[in-house]
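Please open the structure in a viewer and keep the selection tool at hand. The tour below proceeds from one selection to the next.

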Amino acid sequence: MSTQYNSIQGPYDYIRKKSIALIEHENIRTALAPYITNARVLELACGSGFYTYDFLRWGATSVLGVDISPVMIEQARLSGSSPVGTTPTSVLTDGKSVDFLLADCTKPEKYPGAPFEVVFGAWLLNYAPDRKTLVEMFRNIAINLKEGGVFVSITVPPTENPLESMNAELKVRPPPEGSGGLYYWLNEFVEDGMYFHVKGHTPVGDVDFDCYHLKKSVYEEAAREADLKGELRWGKTEVPERWLRGEGEGGASLEELRSYGDVTNYGVLVVKK
């Protein structure tokens, strides 16, 4: 899995204060609500901790955050003054523990504390370049997930035509603002979808990274192959009413906010084991 986030941690965190990132946060809270109370959560690709400590506020009893980027995970640690290492160490937050572990989330590995009731991954699956790697990602999820547990993920919009999806976003939310400060272009087609670049400009530097958008059917088939056999469903960007009333944070225009109802910015994948 890529360590390209090492060099963009500051600009990336700036972008994550935009309206669409905060709306994503609300959508994930809704998706997790039926599962998170008293759950132990494994957070794959935890980054700088955008979600980590909120899992505890939403009802989880503990969180293990895993990421390959030492820069990102150090920022996550600082957010809650939590230790970090190649083996997890704990800090208590109001009686609840948060641990961090440096590891590659694409490689199947049973983590300390497994199996977990909930596995979460924000912008994880979009780093799989092909079906084989995606199956390995899902296997990592499956071996760390309790029977009857749930995997929840924010990822690229579910579609059989990734290029069409990207072009639709560019049409309704063109550069430089794009979708919450980010816009995209095609690098090249790959067998199961496309490889694309993400760009954003901020006062603290530019966001530049590359990732993949595979076909919806490939994500679903890979999950099943990795033994995630339970209910599978997709959600999309849902803008809460308070943003549409002009009461939301992040600075998005009403035009941008309304556009997400027509052209989604992301998919919310929920799969039970």
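A residue is called buried when its relative accessible area is under 20%. The model on display is predicted.

**First stop: a strand and its partner**

Select residues 145-155, which form strand β6. Eight of the 11 residues of β6 are buried, so this strand is largely enclosed by the rest of the structure. Now add residues 116-122, strand β5. The strands β5 and β6 run parallel and are joined by six bridges. To see one facing pair, display A122, which stands opposite I154 in β6.

**Second stop: the nonpolar core**

In soluble globular proteins, nonpolar side chains tend to be buried together. The largest nonpolar core of this model comprises 82 residues. Which residues have the most contacts inside this core? They are F55, L134 and F138, and these may be selected next. Helix α5, residues 131-143, gives the most to the core, with six residues.

Centre the view on F55 and show its surroundings. Leaving aside residues up to four places away in sequence, F55 touches L32, I36, V41, E43, A60, V63 and F120.

**Third stop: the largest pocket**

Next, select D13, R16, K17, L22, S48, G49, F50, Y53, D54, R57, Q75 and S79, the residues that line the largest pocket. This pocket holds about 200 Å³ of space. Colouring the lining by class gives three nonpolar, four polar and five charged residues.

Which element supplies the largest share of this lining? It is α3, with three residues. Helices α3 (52-57) and α4 (70-80) each supply at least two residues of the lining.

**Fourth stop: the second largest pocket**

Clear the selection and choose N27, T30, A31, R233, W234, G235, K236, E238, V268 and V270, which line the second largest pocket. Two or more residues of this lining come from each of α2 (19-32), β10 (232-236) and β11 (267-272). Strand β10 gives the most, with four residues.

The volume of the second largest pocket is about 160 Å³. By class, its lining divides into four nonpolar, three polar and three charged residues.

**Closing view**

To end the tour, show three selections together: strand β6, largely enclosed by the rest of the structure; F55, L134 and F138 in the largest nonpolar core; and strand β10 in the lining of the second largest pocket.

Definitions and conventions:
Residues are numbered from 1 along each chain as its sequence is written. This is a predicted model: local features need pLDDT of at least 70, side-chain atom pairs count only at pLDDT 80 or more; totals for chains, interfaces and linings use all residues. Side-chain values use heavy atoms; hydrogens and water are left out. A nonpolar core is a set of buried Ala, Val, Leu, Ile, Met, Phe, Trp, Tyr and Cys residues joined through side-chain atoms within 4.5 Å. Buried means under 20% relative accessible area, exposed over 50%, partly exposed in between (1.4 Å probe, protein chains only). Contact means heavy atoms within 4.5 Å. On a 1 Å grid over the protein atoms alone, a cavity is a set of points where a 1.4 Å probe fits but cannot get out, and a pocket is an open set with protein on both sides within 12 Å along at least five of seven lines; lining residues have an atom within 4 Å of a point. Grid points are joined across faces, edges and corners, and a volume is the space filled by probe spheres set on the points. Ala, Val, Leu, Ile, Met, Phe, Trp, Tyr, Cys and Pro count as nonpolar, Asp, Glu, Lys and Arg as charged, and the others, Gly among them, as polar. Two strands pair if DSSP finds at least two bridges between them.
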